[in-house]
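With the model open in your viewer, follow the selections below in order, keeping earlier ones displayed as you go.

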Amino acid sequence: MPGSSQKFIVGLVVFLAAGALIGWMYDAPHIGFLVAGFLAMIWQVRQLLSFNRALHTGDFDTFRYGEGIWQQMFSRFSYEHERGSRYKQLHRQVLKEIRKSTNAMPDGAVILDEGNEIEFCNRAAKTLAGLKRKKDRGQRVDNILRDPALTRLLAVNDATQTVDIVSPVKDGAWLNCRVVPYGVNQKLLLLRDVTSRMAINRMRRDFVANASHELRSPLTVMSGYLDTMADDEGLTDTWAQPVQQMQDQARRMTKIVAELIELSRLEGAGSASTEEIVDIVGLLTSARKAFSGQNDVPAIEVLPGSAARLRGNGGEIESVITNLVSNAIRHTPADGKITLDWQTDAKGADLIICDNGEGIAEEHVPRLTERFFRVDRGRARQDGGVGLGLAIVKHVLSRHEAELHVKSEPAVGSEFRCHFPAERVSVP
Ligand code: ADP
């Protein structure tokens, strides 16, 4: 190219000089120079126009077989043009492969922008959730998959959390949703069909619920007879203690059965209604009065907390308070102290039960809400613990979109904090 530029400039200079020379011969070199310049300009403009025409028609023969700077320009242009086409072809091929592989995936994948609007979705997203790549592009995904749990998941944007939602298109199907941060301010929503896992869970739940219901009636009969026997004045000394033990065990079994039935009910129930307004401080005060009347109970104090109320199920929240306070009492010496607190801030509300009792070793804390988990099985059996209390607490809280946070240190004490989201708080 530099060679052709030089040639072009030399040619132009020679042409202009020739014009000036001819003009000089006629005593007007400047006119000759101007005429030469004008002719050179006309020729260049013609070349420019025919290049423009060639761009439209695609017929570059004049330039392809010509020479000089316009041919050079054409060579450069056609080289870049072909290179561009090759790259375009390559990109198209890569894009096709990527689309083919995402479409072959059994899981749904949806790319969302920062406003949760759909940018792209694969074929599985269509079969699992009815999302259509072209029609739904630009639509907010939470307007199509309407589930409050998914809306919350999209807001937290935490790849470690998942939620299960009902598929809007596949009858009886369940989808497990995960949101992964992706690209610049984008998100990837992954949808996995977990219908079989949900069916197994339901079978397990139904089995436990049915077995518990079936056990309830024989247990009532046995407890009734045992109570009658215990009250019978003719009961010999040899039988007094065995009957007493049978009564204790029957009571324990009745408690287990009742708590299993309650757990099954909570697992099957959806989100708790927000219609009822619950006076938490009132419930804490009642719990303090009820427990303080018993023997060997540590001091219980209700802190002057927030006046805000909670939108939820009063009976269930009362059972959370009863479970947490009775646990605190059982694991705190009589000269210890238990505090009950209800605090609110912009992020929501916290129900906090603190004790300065025996505490829990760090390795046990993550397992506390498992069914039948007890730190000390032998002791729990003696003090009436069956290991279902905190599982019930967890389920009631999840029905209120709340979470249980436990902080504990052996020999120092424990803090059980139930955090409720701001939508559940009602300020008088
Ligand atoms: P349980 O019926 O045995 O009380 P929970 O599910 O309520 O069952 O509690 C599970 C276990 O957690 C208990 O067995 C106990 O070891 C431990 N725990 C619960 N609350 C406390 C507490 N406030 N202090 C110490 N340990 C506790």
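Begin by selecting Ser326, Asn327, Arg330, His331 and Gly385, which lie nearest the centre of the second largest pocket, a pocket lined by 40 residues in what is a predicted model. Its volume is about 850 Å³, and its lining divides into 16 nonpolar, 14 polar and 10 charged residues. Colour α11 next, since the largest share of this lining, 9 residues, comes from α11; among the other elements that each supply at least two residues are β10 (348-355) and α12 (377-382).

Now show the ligand, which sits in this second largest pocket. Of the 19 residues that surround the ligand, the closest are Asn327, Arg330, Asp355, Val386 and Leu390. Zoom in on Asp355, where a polar side-chain atom lies 2.9 Å from a nitrogen atom of the ligand, and then turn to the backbone of Val386, where an N or O atom lies 3.0 Å from an oxygen atom of the ligand. At Leu390, a polar backbone atom is 2.8 Å from an oxygen atom of the ligand. The ligand taken alone exposes 530 Å², and the protein buries 97% of that. α11 (314-330), α13 (389-399) and β12 (413-421) each supply at least two residues of the surrounding shell, which holds 9 nonpolar, 7 polar and 3 charged residues.

Finally, move to the largest pocket by selecting Ala149, Arg152, Val163, Ser398 and Arg399, which lie nearest its centre among 41 lining residues. About 1,800 Å³ of space lies in this largest pocket, and α8 gives the most to its lining, with 7 residues.

Terms used: Residues numbered from 1 in each chain as written. Predicted model: local features only at pLDDT ≥ 70, side-chain atom pairs only at ≥ 80, totals over all residues. Heavy atoms only, no water. Near = heavy atom within 4 Å. Polar contact = N/O pair within 3.5 Å; in protein donor to acceptor, adjacent residues only side chain to side chain. Areas by Shrake-Rupley, 256 points an atom, 1.4 Å probe, with all protein chains shown as cover. 1 Å grid on protein atoms, 1.4 Å probe; cavity = no way out; pocket = protein on both sides within 12 Å on 5 of 7 lines; lining within 4 Å. Sits in = over half its atoms within 2 Å of the grid points. Helix = DSSP H or I, 4+ residues; strand = E, 2+ residues; numbered from the N terminus. Nonpolar A, V, L, I, M, F, W, Y, C, P; charged D, E, K, R; others polar. Points joined across faces, edges and corners; volume = space filled by probe spheres on them.
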